[in-house]
Amino acid sequence: MNIRIENLTKAYGDFKAVDNMNLMVEDGQLVGLLGPSGCGKSTTLFMLAGLTEATTGRIFFGDKEVTRVAPEDRGIGLVFQNYALYPHMTVEDNIMFPLINRKVRKDAARQQAYEMAKLVQIDTLLKRKPSELSGGQQQRVAIARALVKKPKVLLLDEPLSNLDAKLRVETREEIRRIQQEVGITTIFVTHDQEEAMSISDQIAVMKSGVVQQFDVPQSMYLNPCNRFVATFLGTPEINIIDVEVLGGTIKCGDVVLRTGVDVKNGTYKAGIRPESFTHREDDHKYKVNSVRMIGRDLLLHLDMAGRDVRAITHSGQSITTGDTVEFSVRESSILLFGSDDKVIGK
Ligand code: ATP
């Protein structure tokens, strides 16, 4: 079922937690709602769930407007950060609970709970209590419980926040697998850009209640609409440096970064991703300020005309602090920002 959000606003007095949001989520897609703390992600999700009342605007699930429909009548499954399982009940009873609540017969409910448990791969744990499970297993129970009523929409609010780094990665892959297997339209709230990038069909990046950009992960990464999105996506962070444009040439001090740009002369901020530096003989020489191993790569801090820039290169090279290295910057990857921080040239 597709989801359409039209001019949705949530105001607390003069403050707008969500400000005139418009979004169209296609049937069966997983959309990541991404942004820093306080940007309005959870408020959006809660309005979709019916737990927070919209101030203005409309929400449609398929052709049906649900803006004023009660949460239990929206056909949604909800999963929170803290699992919210009933501690005194077994896993099986937890998963069955929404069905029993709906007066489904016990043996039928048990059968459906078993099928859900199998889907999320916890069918051997049905007789345990939540306290006897790991965080990742508890979250799977919460997902099974959310899906057992066969909702049309799945809403997940920071579902991986309580898990350690390794389990986070495993569980997010698991959520993606389950979501695709069921084919359910899903909204996934997170502040973790890598998490959103890795499992979403599309991402909505929010800032101060406003959607900045809605796009597929890769194209948002390569073509961010403004400085906020460019900076929010990617680790290590994109370099933002002062540059001069003169006669179509972008220069940073004595470093010629690019020629042939169609932007009027002046000073600008430019964005260069650390991975846009490529090692090339006879190119510009940079002094290495520091070297650090990050995973398989080296993170270098280079001196670019007195500015410190981050560059990533593969670790099979012996580069040490104080060395001089030759790098070129991939021209097509340089972003130029206008005075309003919007990308004006690439
Ligand atoms: P986090 O990742 O920290 O949960 P978020 O992006 O989900 O952040 P929201 O919880 O949606 O952010 O909150 C958005 C803004 O609305 C915040 O500035 C918050 O303080 C404000 N807010 C939320 N609920 C209320 C309320 N009941 N009254 C007043 N302001 C509120």
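## Two domains in one chain

The protein chain splits into domain 1, covering 3–232, and domain 2, covering 239–345. Please keep in mind as you browse that this is a predicted model. Between the C-alpha centres of domain 1 and domain 2 there is a distance of 39 Å. Where the domains touch, domain 1 supplies 8 residues to the contact and domain 2 supplies 9.

## Where the domains meet

How much area do domain 1 and domain 2 bury between them? The figure is about 770 Å², with 52% of it on carbon and sulfur atoms. On the domain 1 side, the residues that lose the most area to domain 2 are Tyr221, Arg227 and Ala230, which together make up 66% of what that side buries.

Polar links cross this interface too. Residue pairs in polar contact between domain 1 and domain 2 number 5, counting pairs with both residues at pLDDT 80 or more. Two elements each give two or more residues to the side of domain 1 that touches domain 2: helix H7 (217–222) and helix H8 (227–232). H8 provides the largest share of that side, with 3 residues. By character, the residues on this side of domain 1 are 5 nonpolar, 2 polar and 1 charged.

The count of salt bridges between the two domains is 1. If you would like a pair to look up in the viewer, try Arg227 and Asp341: their side chains form a salt bridge, at 3.8 Å from N to O. Arg227 is also one of the residues named above for losing the most area to domain 2.

## Around the ligand

Which residues surround the ligand? They are Tyr12, Phe15, Ala17, Pro36, Ser37, Gly38, Cys39, Gly40, Lys41, Ser42, Thr43 and Glu158.

Some of these residues place polar side-chain atoms by the ligand. For Thr43, an N or O atom of the side chain is 2.5 Å from an oxygen atom of the ligand. Ser37 has a polar side-chain atom 2.6 Å from a ligand oxygen atom. With Tyr12 the partner is a nitrogen atom of the ligand, and a polar atom of the Tyr12 side chain lies 3.4 Å from that nitrogen.

## Two loop details

Two spots in the backbone deserve a quick look. Thr235 and Pro236 are joined by a cis peptide bond, with omega about -15°. Pro236 sits in the loop between H8 and strand S11 (239–246). H8 is the helix already met above, the one giving 3 residues to the side of domain 1 that touches domain 2.

The other spot is Lys103, a residue other than glycine with a positive phi, near 65°. You can find Lys103 in the loop that runs between helix H2 (91–101) and helix H3 (106–119).

Key: Residues numbered from 1 in each chain as written. Predicted model: local features only at pLDDT ≥ 70, side-chain atom pairs only at ≥ 80, totals over all residues. Heavy atoms only, no water. Domains from an automatic or database assignment. Contact = heavy atoms within 4.5 Å. Buried area = accessible area lost by both parts, 1.4 Å probe. Salt bridge = Lys/Arg side-chain N within 4 Å of Asp/Glu carboxyl O. Polar contact = N/O pair within 3.5 Å; in protein donor to acceptor, adjacent residues only side chain to side chain. Helix = DSSP H or I, 4+ residues; strand = E, 2+ residues; numbered from the N terminus. Nonpolar A, V, L, I, M, F, W, Y, C, P; charged D, E, K, R; others polar. Near = heavy atom within 4 Å.
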